[in-house]
Amino acid sequence: MIKRAAADLAAARFGVALTGAGISVESGIPPFRGKGGLWEKIDPMEFAHIDNFMRNPAKVWRVLVGEMKGVIDTAEPNDAHKGLSTMERLGLIRTIITQNVDGLHQAAGSTDVIEFHGNFAWQRCMDCDHMLETRKVDMRQMPPRCHCGGIYRPDCVFFGEMIPPQHLARSRQVATQCDVMLVVGTSAVVQPAAFMPVIAKENGAKVIEINPEPTPLTSAVSDYLVQGKAGEVMSRIVAEIQAQHVSAKPFSP
Ligand code: NAD
Ligand code: ZN
């Protein structure tokens, strides 16, 4: 499976990756669903729905935002993020569509990252739109407030909110154009992100999944699943590509 994925990726003319919370698990950021996930501890609708944030921002800040800030502030990219940025340099992966809000793809050096659900590295004042880096937020005041008195909210998409239309449009576009889509660490149940591999498949792309568990895409949409942890599997695929296949292949415009 490693060899097969390496060969398919090495042959890609327009490769796109779709990533989810699972790719950052080896960086110490827990996923939402599944074993060890945040949803085992807290109820998503109670904490990650925009209506509840508006109703009681201090409560959501203390639990959801506080919990995520602690891990995201210190997390580093792992071999899976690094592998995707190496594949960009090799001309094999052009764009990453990520559902993650942790900024680790950019930290690993990937340059074309569509952040479907926004970014947690920044907080936005709900009154004046002032932006503040999350790591600079003073957690002693709950909820944290801007100098204008407005409340800060994460610059990411809550349940009950729309995906920014420009991100959705561009994701659909690259999903349509790609000839290989690599789906890493997503449970593929959050729409509309989970629909991107379907678009890719319908337009003739090969869909390769990397995940320790099968997902609703496996067998229904994906050509095959490389079963395992993202960092381990990706570093083996990249080593195989470098040993067997490509020297740098610049993108044609
Ligand atoms: P998810 O939490 O629903 O599912 C995680 C998936 O990762 C599962 O399929 C699981 O089998 C897989 N997984 C677990 N360990 C893995 C590993 N080591 N390597 C590869 N895969 C592994 O994640 P989701 O589908 O991305 O949806 C949750 C939403 O929550 C996302 O859209 C995102 O916005 C948000 N979220 C983001 C982060 C982050 O930024 N790191 C973390 C948690 C949740
Ligand atoms: Zn303000």
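Colleague: Is Cys 128 buried, partly exposed or exposed?
Modeller: The model is predicted. Cys 128 has a relative accessible area of 38%. Buried needs under 20% and exposed over 50%, so the class in between applies: Cys 128 is partly exposed.

Colleague: What is the relative accessibility of Cys 148?
Modeller: Cys 148 also donates to the zinc ion (ligand 2), through SG. Cys 148 counts as partly exposed, and its relative accessibility is 41%.

Colleague: Which residues are the protein donors of the zinc ion (ligand 2)?
Modeller: Along the chain, the donors follow the spacing C-x2-C-x17-C-x1-C. They lie 2.3 Å from the zinc ion, each through SG: Cys 125, Cys 128, Cys 146 and Cys 148.

Colleague: How far apart in sequence are the parts that Cys 128 and Cys 148 tie together?
Modeller: Cys 128 sits in the loop between β4 (118-125) and β5 (131-133). Cys 148 sits in the loop between β5 and β6 (152-156). The pair therefore ties together parts separated in sequence by 20 residues.

Colleague: What is the geometry of the site of the zinc ion (ligand 2)?
Modeller: There are 4 donor atoms, with angles of 104 to 117° among them. Four donors qualify if all angles lie between 85 and 135 degrees. The site is therefore tetrahedral.

Colleague: Now ligand 1. How much of its area does the protein bury?
Modeller: An oxygen atom of ligand 1 is 2.7 Å from a polar backbone atom of Val 101. A nitrogen atom is 3.2 Å from an N or O atom in the Glu 26 side chain. Taken alone, ligand 1 exposes 850 Å², and the share buried by the protein is 92%.

Definitions and conventions. Residues are numbered from 1 along each chain as its sequence is written. Chains are lettered from A and ligands numbered from 1 in the order in which they are written. This is a predicted model: local features need pLDDT of at least 70, side-chain atom pairs count only at pLDDT 80 or more; totals for chains, interfaces and linings use all residues. Side-chain values use heavy atoms; hydrogens and water are left out. Donors are N, O and S atoms within 2.8 Å of the metal (3.2 Å for Na, K and Ca); water is not among the atoms, so sites may look incomplete. Four donors count as tetrahedral if all angles lie between 85 and 135 degrees; four count as square planar and six as octahedral if opposite donors are over 155 degrees apart and all others between 65 and 115; anything else is irregular. Helices (H or I, at least four residues) and strands (E, at least two) are DSSP runs, numbered from the N terminus. Buried means under 20% relative accessible area, exposed over 50%, partly exposed in between (1.4 Å probe, protein chains only). A polar contact is a pair of N or O atoms within 3.5 Å; within protein, one must be able to donate a hydrogen and the other to accept it, and residues adjacent in sequence count only if both atoms are side-chain atoms. Accessible areas come from the Shrake-Rupley method with a 1.4 Å probe; for residues, only the protein chains shown count as cover.
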